[in-house]
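Biologist: Thanks for joining me! Could you walk me through how this fold is put together?

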Amino acid sequence: MAAKVTRLCTALPARTLRSAAEAFLDTVGSANTRRAYGIAIVKTADQLDGPGPGGLVGASRALDSVTDAEVGTALETLWGSAAVNTWNARRAAVAKWLSWCAEQGWTAPKVPASAGRSTPPDSDTRVRSRTAIDRLIARREIHVREKTLWRMLYETCARAEELLQLNIEDLDLAGRTAAVKSKGAKPRTRRRGAAHHEHVLENVYWDAGTARLLPRLIRDRTRGPVFLTHRRPGPGKYLGERDLCPDTGLARLSYDQARDLLDAATAPDGRGTGWDLHELRHSGLTHLGESGASLLELMAKSRHRKADFKPSPQAMRELTSILGPGAERRR
């Protein structure tokens, strides 16, 4: 008598909040971006899961069991009273995660309209004088790494994250320019997880101050991050190939480390009272405006997304020279 075979129905395990968060974060190439997204996404997932028995972490909820309203409530609970910029950053990270989940064909909630983006208040970023910036960079106890980064931030008017992501291969020392991956840069193709060079890059320009410091900083190195830490990464820390110097084994300097270094060098009343990295970019743009640069020139220098004005490299070099050492004496 022939045996009868019964097919077993094996359903795929439900996609949980925790596994969906891990899958999304694995697609983020930049370590700094992954860390920032992880803060928002992991905390939101934990808030939605709720505490397990005895207050310990329990099983994660199915992604398709979460409602839009619950996402909004979790965001409000975690960051409802935070600063506007913090709220917007955390909300945007969670929205990007849930949107990515939907693109994978998973049933996922959305950030509700009730948890919308808040309008940032008028900027209160301080403008530092040329003299104050020159004196800071001229201090003998300041390491050449910090001198170079701070002068470069001022002369390029670039964002700190953009310069910290630079590798030596990206630099054109003779042309005093470099190609950076700007904030919100789009991949050249529809490929997810595009590498640094596979994004649309934009040029930043510097003048004599940075040009004098860069060779002292990189010395005989020809590859790897421009700005390095002074220590090797710990054994449990994974970094991509681009974020390690192949000659020294040192890791790329992070935004948090760079921020703390500037704060420590300028804090008059203890930690947290010093300068902010963004102040150098803001000061550079302000000084250009005070020297007669037009609004379109300022938008091009800062690479503002709404600028429909593309000056030539030579025009950008001439504009940047206003921020170079001794520029006030030349005018």
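**Strands, a helix face and two cores**

Modeller: Happy to! This is a predicted model. Strand E1 (residues 171–172) and strand E2 (residues 177–180) run antiparallel and are joined by 2 bridges.

Biologist: Which residue in E2 is the bridge partner of Asp172?

Modeller: E1 and E2 make a hairpin with 4 residues between them, and Arg176 in that turn has a positive phi of about 55°. Across the hairpin, the partner of Asp172 in E2 is Thr177.

Biologist: And what is the bridge partner of Ala179 in E3?

Modeller: E2 also pairs with strand E3 (residues 202–205), in the antiparallel sense and over 4 bridges. Within E3, the partner of Ala179 is Asn203.

Biologist: Within what arc do the buried residues of H1 fall, seen down its axis?

Modeller: In helix H1 (residues 17–25), the buried residues are Leu17, Ala20, Ala21, Phe24 and Leu25. They line one face of the helix, because seen down the axis of H1 they fall within an arc of 130°.

Biologist: Which helices are included in what covers those buried residues of H1?

Modeller: Contact here means heavy atoms within 4.5 Å. The cover on the buried residues of H1 includes helix H2 (31–49) and helix H4 (84–103).

Biologist: Which residues touch the most other members of the largest nonpolar core?

Modeller: That core has 45 residues, and its largest share, 6 residues, comes from helix H6 (residues 144–156). A second, separate core of 25 residues includes Leu25, Ala45, Trp87 and Trp97. In the largest core, the residues touching the most other members are Trp150 and Val226.

Key. Residues numbered from 1 in each chain as written. Predicted model: local features only at pLDDT ≥ 70, side-chain atom pairs only at ≥ 80, totals over all residues. Heavy atoms only, no water. Pairing = 2+ DSSP bridges. Buried < 20%, exposed > 50% of the residue type's maximum accessible area, 1.4 Å probe, protein only. Arc of directions from axis to C-beta. Core = buried A, V, L, I, M, F, W, Y, C linked by side-chain atoms within 4.5 Å.
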